[in-house]
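Here's a walk through how the pieces of this fold sit against one another. Keep the structure open as you read.

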Amino acid sequence: MTNEDENGGGAALDRIGSALERLAPPPIAPILPPGNAFVWEPLGGGLLPVASVAHVDLSLLKGIEAQRDTLLANTKRFADGLPANNALLWGARGMGKSSLVKAVHDEINRTRPDKLVLIEIHREDISTLPQLLRILRGYTSGETARRFLLYCDDLSFDKDDTSYKSLKAALEGGIEGRPVNTIFYATSNRRHLMPRDLVDNERATAINPGEAVEEKVSLSDRFGLWLGFHHCGQDEYLAMIEGYAAHYHLNITAEELRTRALAWAIQRGGRSGRVAWQFVQDLAGELGQRLD
C-alpha cells in the first residue's frame, strides 16, 4: 500500500468518524439547570427546562376529592423531607390522573416556593431512569439540595417489553436504591401496568400460575400508594363543569349550562373530567371568552 493510499484511507476514516459524531446524541450534562420543571430527554441532552407547566388549579378537580387529598398529603410530606410513598394513579381515562399530579406540584410550590422539582420522563425512556437518578443523587444535601417528583404519564408494558426491570430496580430493588430526594408518580389505565389478557394467558399456560406473572405484576407493588380513578356520575360531571364556569366567569345561565353540558356528554358517549373540560373549551370559544 502506498503512502497516498494510506493517507486516503485515513481521511476516509476521519470523515466517517466526523459523520458518526454528528449523528450521535449530544452528551448529557450532569448538572441540573435552573428551574422547577423539566422533561427528561436522554437523546436530546438530558434535562430540558419547561418554562410553564400546563396545569389546572387544584380546586377545579372535582369528583376526585379523596384521591386529591391523599396525593397532596403524600407530596407535602415528601417536599418537607419526611417519608412518603411512590404513587400509582390508575383507572378510567380522562378522570384527572395526570392533571392531579401537575396540580399538586403547582400547589406545593405555591405554598412552598421552589420546594419541588417536577421531571417528566416518557414511557419509552424508562430504561434510562437509573441514569437520571445518578444525576439527581448529587442534589441530596448541601446548598444545592432539591426534592424531585419524577412523573411518567400513561405507563404500561407490553408482553415482550423488559424495560420494566429498570423501573423496578430504580424504585426499590437496585444496589444504589432510590435517592432519598426523589419520588416517582405514574399514571396508567392498568392497575398492574400490563395487559389483562397477558396475565390471564400466562396463568392458564404456566406450570405454576402464581409465579408465571409474579415478576411483572410485582412492579405495581413497588408503589406504596395506589389511587383508583373511576367513571364519574352525572352529578360529578355537572359539578366539574359548574366549577369551571364559575372560575372562568362564563356568561351563561345555570339552566342553559346544565342542558348543554348533558347534551355534550350524550354526543360524546360518556362523562369524564376530560369531556367536561372539552365542553368548557367549546363553550368559551362560542361565547367569545378566554380561559386565562
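## How the helices and the sheet pack

Let's start with helix 8 (residues 234-247) and helix 10 (residues 273-287). On the helix 8 side, Y237, M240, I241 and Y244 do the touching, and they meet G273, V275, A276, W277, F279 and V280 of helix 10. Sorted by class, that contact holds nine nonpolar residues, one polar and no charged ones. The crossing of helix 8 over helix 10 is right-handed. Bear in mind that this is a predicted model.

Helix 10 also packs against helix 9 (residues 254-268). Here L257, R260, A261, W264 and R268 from helix 9 meet V275, Q278, F279, D282, L283 and E286 from helix 10. By class, you get six nonpolar, one polar and four charged residues in this contact. V275 and F279 are worth clicking on: both turn up in the contact with helix 8 and again in the one with helix 9. The crossing of helix 9 and helix 10 is right-handed too.

There's another helix pair to look at, helix 2 (residues 65-79) with helix 3 (residues 97-111). Helix 2 brings Q67, R68, L71, L72, T75, K76 and A79, while helix 3 answers with L100, V101, V104, E107 and I108. The residues of this contact split into seven nonpolar, two polar and three charged. Helix 2 passes helix 3 in a right-handed crossing.

Here are the numbers for these helix pairs:

| Helix pair | Axis distance | Angle |
|---|---|---|
| Helix 2 and helix 3 | within 10 Å | roughly 45 degrees |
| Helix 8 and helix 10 | within 9 Å | roughly 40 degrees |
| Helix 9 and helix 10 | 10 Å | about 125 degrees |

What do those angles make of the pairs? Helix 2 and helix 3 are oblique to each other, and helix 9 and helix 10 are oblique to each other as well.

Now for the sheet. It's an open one, built from seven strands in the order 2-1-4-5-6-3-7, with mixed pairing. At its edges sit strand 2 (46-49) and strand 7 (225-229), each of which pairs on one side only. Going from one strand to the next, the twist averages 25 degrees.

Zoom in on strand 5 (residues 147-152) and strand 6 (residues 182-188): they run parallel and are joined by five bridges. If you want a spot to look at, L150 has F184 in strand 6 as its bridge partner.

Helices lie against this sheet. Helix 3 lies across strand 3 (87-91), strand 4 (116-121), strand 5, strand 6 and strand 7, and runs at about 155 degrees to strand 4. Helix 4 (residues 129-136) packs on the sheet as well, touching strand 1 (37-41), strand 2, strand 4, strand 5 and strand 6. The direction of helix 4 makes about 165 degrees with that of strand 5. So helix 3 does double duty here, meeting helix 2 as well as lying across strands of the sheet.

Last stop, the aromatics. With ring centres within 6.5 Å as the cut-off, the count comes to five aromatic pairs. One of them involves F184 and F223, whose ring centres are 6.1 Å apart with planes at 50 degrees, so the pair is tilted. F184 lies in strand 6, while F223 is in the loop between helix 7 (209-221) and strand 7, so the pair ties together parts that are 39 residues apart in sequence.

Terms used
Residues are numbered from 1 along each chain as its sequence is written. This is a predicted model: local features need pLDDT of at least 70, side-chain atom pairs count only at pLDDT 80 or more; totals for chains, interfaces and linings use all residues. Side-chain values use heavy atoms; hydrogens and water are left out. Axes are lines fitted to C-alpha atoms, for helices over the stretch in contact, and angles run from 0 to 180 degrees between N-to-C directions. Helices (H or I, at least four residues) and strands (E, at least two) are DSSP runs, numbered from the N terminus. Angles under 35 degrees count as roughly parallel, over 145 as roughly antiparallel, 65 to 115 as roughly perpendicular and the rest as oblique. A crossing is left-handed if the near helix is turned anticlockwise from the far one by less than a right angle, and right-handed if clockwise. Contact means heavy atoms within 4.5 Å. Ala, Val, Leu, Ile, Met, Phe, Trp, Tyr, Cys and Pro count as nonpolar, Asp, Glu, Lys and Arg as charged, and the others, Gly among them, as polar. Two strands pair if DSSP finds at least two bridges between them. Rings of Phe, Tyr and Trp (its six-membered ring) pair if their centres lie within 6.5 Å; planes under 30 degrees apart count as stacked, over 60 as edge-to-face and the rest as tilted.
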